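Here is a short report on one protein model. Look over the sequence and the structure first, then read on.

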Amino acid sequence: MEANVFPKPPVAEQFRSDFVLLRLYTDAPPKGTEFQQYQLKLTGTTALPTYAILDPSDRSLITHTSGTASVETFASFLEEGATQFARERRVASR
């Protein structure tokens, strides 16, 4: 995904404009087990790869997906997450 999907324009543009990309390595020392437990608590899965969109203000989960995806499918996932975040922000500001 990082080599074949993330650099493609529909995904890369969304990462640049709407997201802060963070990586959580759950399969490597020294904190792999701790991070794996965090991933499980947050998303309900330890599957790799798992991608999560979080609200930056409270780190709550907006949406997540696991597994590999096509450029189009992953770009849609990002768009849906950004839309849901914006919708929740509008509701919260009322």
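Helix 3 gives the largest share of the lining of the largest pocket, with 6 residues. This is a predicted model. The pocket itself holds about 1100 Å³ of space. Its lining counts 34 residues, and the closest to the centre are Val20, Leu21, Leu22, Arg23 and Ala52.

Which elements build that lining? At least two residues each come from the elements in this table.

| Element | Residues |
|---|---|
| Helix 1 | 9–18 |
| Helix 2 | 32–43 |
| Strand 1 | 50–54 |
| Helix 3 | 71–92 |

By residue type, the lining of the largest pocket divides into 23 nonpolar, 5 polar and 6 charged residues.

**Aromatic pairs**

Aromatic rings form another topic. The structure holds 7 aromatic pairs. One of them joins Phe15 and Phe74: the ring centres are 6.3 Å apart. The planes of these two rings meet at 65°, over the 60 degrees needed, so the pair counts as edge-to-face. Phe15 belongs to helix 1 and Phe74 to helix 3, so this pair ties together parts that are 59 residues apart in sequence. Are Phe15 and Phe74 buried or exposed? Both are buried.

Ring pairs also build a cluster. Phe6, Phe15, Phe19, Tyr51, Phe74 and Phe77 are linked in it.

**A buried glutamine**

Gln14 sits in helix 1. Why is Gln14 classed as buried? Its relative accessible area is 11%, and the class needs a value under 20%, so Gln14 qualifies. What does Gln14 touch, apart from neighbours within four places in sequence? Its contacts there are Phe19, Ala75, Leu78 and Glu79. Phe19 is also a member of the aromatic cluster.

**The hairpin**

Strand 1, which supplies part of the pocket lining, has a partner. That partner is strand 2, residues 61–66. The two strands run antiparallel, and 5 bridges join them. At one place along the pair, Thr50 stands opposite Ser66 of strand 2. Together the strands form a hairpin, with 6 residues between them. Within the turn, Arg59 has a positive phi of about 60°.

In a regular strand, side chains alternate between the two faces of the sheet.

To recap, helix 1 holds Gln14 and supplies residues to the pocket lining. Helix 1 is also tied to helix 3 through the pair of Phe15 and Phe74.

Note on methods:
Residues numbered from 1 in each chain as written. Predicted model: local features only at pLDDT ≥ 70, side-chain atom pairs only at ≥ 80, totals over all residues. Heavy atoms only, no water. 1 Å grid on protein atoms, 1.4 Å probe; cavity = no way out; pocket = protein on both sides within 12 Å on 5 of 7 lines; lining within 4 Å. Points joined across faces, edges and corners; volume = space filled by probe spheres on them. Helix = DSSP H or I, 4+ residues; strand = E, 2+ residues; numbered from the N terminus. Nonpolar A, V, L, I, M, F, W, Y, C, P; charged D, E, K, R; others polar. Buried < 20%, exposed > 50% of the residue type's maximum accessible area, 1.4 Å probe, protein only. Contact = heavy atoms within 4.5 Å. Pairing = 2+ DSSP bridges. Phe/Tyr/Trp six-rings, centres within 6.5 Å; stacked < 30°, edge-to-face > 60°.
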